[in-house]
Structure formats: structure tokens, C-alpha cells
Amino acid sequence: MELVLLALVALLGLAIGSFLNVVIWRVPQGQSVVYPPSACPGCGHAIRPIDNVPVVSWLALRGRCRDCGAPISVRYPLVEAGTAILFVLTAVVVGLTWALPAFLYLAAIAVCLALIDIDTHRLPNAIVLPSYGVATALLALASVNPGGEPAWDALLRAALGCVALYVVYFLLWFAYPKGMGFGDVKLAGVLGLYLGWCGWGALAVGGFAAFLLSGIYAVALLVGRRADRKTGIPFGPWMLLGAAVGITWGEQVWDAYLRLML
């Protein structure tokens, strides 16, 4: 039964991934994600339903528009397949619990925000700001835990984590505005909700991991002469990756750190 549920999560990920492609393309341009229907940018012909099946349609069309033969970026099936894989990994880590919808939502916006930040060096308010309300509602559902023991302490911790990580990023931005965009500050509050809900260790490790991983990446670019000290590096993807580390291994890493120090 668990394998069947994971398969359903994967199918959901494929469907969501298809929609995320629309979000990634349209939101930075200020366009609606629901209207008009998707169309080929080359010939303007509306995408047929049969050509809109995640991954399969791209393979069947050999990466080209059915009407004009214009190439279709390989990013589209990669986003769809990647979202499906990320959804399955999220389900494995979180478990088939009431917390799963909250973390699947985080996985979905992580795909959008990471790619948009890489493309435009922006984290759009249209995605980040509504996530405060959605994440709070879904984590509240997980804390109520229908049919089980409520976890109100986790919900309180989530609120405190939100404030704590937001304040840390705000102070960093205030101290050196050129080193960080305010979009990073707003995203920090959302990630603080999730990390705080998981535990104080997750919050500490997830917050630190973003800076550690981005630092390693920056050093690698400098050593490889792919960038200099003035090169801007999108920080959003590293925040999201750091949060993933905190959610997945944060509590274990924090416990090991405390045992080592004490």
C-alpha cells in the first residue's frame, strides 16, 4: 500500500511540475498563471491536451512543437520529472502523515523559487508572501494531527522560528544591503516556519547550512575562475537547499554537535 501511495505522490508531482513550468515562465513577467492557456511561443498555437502530458508528450514530440517544429526546452520535462522525484523524497522523509501536504507545498515553491532566482535574481512576492498563510495553515493542520496527538508545541516553535530567521536575515540585509536582496529576507520567514516546526536543531542547522553551502560554491567558482568577488550569486537556491538539509538531518546533526561539545 505504501508503494502505491508513493506512486500517487509521484504522479501528483508530475502534474504539479507541469504547472510549475507555467509559474516559472509567467510570474517573473507579471502574467497570469491561469490565462491565457499555454501556447507555443514560436507559432502561438495553443498546446493540445494530448501534448500536455508531463514528460511523455515532450518525448513523443521529440522536443519540438507539433505545429511549427520549434524546439521545446528540455527544462520542461526536467522540471516535471524533478518535481515528481522531489515529491517522493519528501514523502519518504516526512512520512505519510498530516505534515506531508505542508512539506509538498514547500517542495513545489522551492522548485519555482530556485529556478526563478537563478534566471532573474529575484524571489517574487507573488509566490513568497502567500506562502506565509499557506504554510501556516498546513502546519497548523499537521499540528492538530486529526486522529492523533496534537503537537501545539511544534506550531509555537514554527512561529518563533519564522520570527527568528526573519530577524537574522533582516539584520544581515540592514548591515550590508548589497550582499543580500530583501527577497531573501522574506523567504527566510517562510523557511523559519518549517525549520522551527521540525525542531530547534533543524532551525539552527538549516539556517547555517545555507551559508556554508553557498560559501563552498562561491569558493569553487573563484578557484575555477568562473567568477570574481563582485559576481552576484543567487542566494535563494542555497537557502532552500539549506532548509532541506535542516529538515532532513538537522535534529541528528544538532544532537551530535551537542554531544561533541558537552
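**Close-ups of a nine-helix chain**

**View 1. P28 sits in the loop that links helix 1 to helix 2.** Helices here are DSSP runs of H or I with at least four residues, strands are runs of E with at least two, and both are numbered from the N terminus. This is a predicted model, in which local features need pLDDT of at least 70 and side-chain atom pairs count only at pLDDT 80 or more, while totals for chains, interfaces and linings use all residues. Residues are numbered from 1 along each chain as its sequence is written, and side-chain values use heavy atoms, with hydrogens and water left out. P28 comes out as partly exposed, because its relative accessibility is 23% (under 20% is buried, over 50% is exposed and partly exposed is in between, using a 1.4 Å probe and protein chains only). Leaving aside residues up to four places away in sequence, P28 touches V23, I116, T120 and R122 (a contact means heavy atoms within 4.5 Å). With I116, the C-alpha to C-alpha gap is 7.3 Å, although 88 residues separate the pair in sequence.

**View 2. Look along the loop that holds P28 and you get to a cis peptide bond, between Y35 and P36.** Omega of this bond is about 0°. P36 belongs to the loop between helix 1 (2-26) and helix 2 (56-60). As a reminder, most peptide bonds are trans, and most residues other than glycine have a negative phi. The next view picks up the phi half of that.

**View 3. R62 and H121 are two non-glycine residues with positive phi.** For R62, phi is near 55°; for H121, phi is about 60°. R62 sits in the loop between helix 2 and helix 3 (75-94), while H121 is placed in the loop that joins helix 4 (100-120) to helix 5 (125-144). Are these two residues buried or exposed? R62 counts as exposed, because its relative accessibility is 75%. H121 lands in the partly exposed class, with 48%.

**View 4. S18 is a helix 1 residue with contacts to N52, P54 and E80.** That contact list skips residues up to four places away in sequence. S18 counts as buried, because its relative accessibility is 15%.

**View 5. T90 is in helix 3, and it touches G95, L100, F103, L104 and A107.** Again, residues up to four places away in sequence are not counted. T90 has a relative accessible area of 11%, so it is buried.

**View 6. UniProt's unreviewed entry lists two domains, at residues 11-92 and at residues 105-219.** UniProt positions follow the numbering used here, feature names are shortened, and annotations may be inferred rather than shown by experiment. Residues 11-92 carry the record's label "domain: Prepilin peptidase A24 N-terminal". This span is 48% helix and 0% strand, and its end C-alpha atoms are 15 Å apart. Residues 105-219 are listed as "domain: Prepilin type IV endopeptidase peptidase". Here the helix share is 84%, strand is again 0%, and the end C-alpha atoms lie 32 Å apart.

**View 7. The same unreviewed UniProt entry marks transmembrane regions at residues 84-116, 123-142, 154-176, 197-223 and 235-254.** Take residues 84-116: the span is 85% helix and 0% strand, with its end C-alpha atoms 19 Å apart. For residues 235-254, helix makes up 95% and strand 0%, and the end C-alpha atoms lie 23 Å apart.

**View 8. Zooming out, the chain reads α-α-α-α-α-α-α-α-α along its sequence.** Its radius of gyration is 20 Å, close to the 18 Å from the globule rule for 262 residues, so the chain is as compact as a globular protein of that length. The radius is taken over C-alpha atoms, and the rule is 2.2 Å times the number of residues to the power 0.38. Along the principal axes, the C-alpha atoms fill a box of roughly 65 × 55 × 30 Å. Of the 262 residues, 39% are buried. Of the contacts between residues at least 6 apart in sequence, 67% join residues at least 24 apart. About 14600 Å² of the chain is exposed, and carbon and sulfur atoms supply 70% of that area (Shrake-Rupley method, 1.4 Å probe; for residues, only the protein chains shown count as cover).
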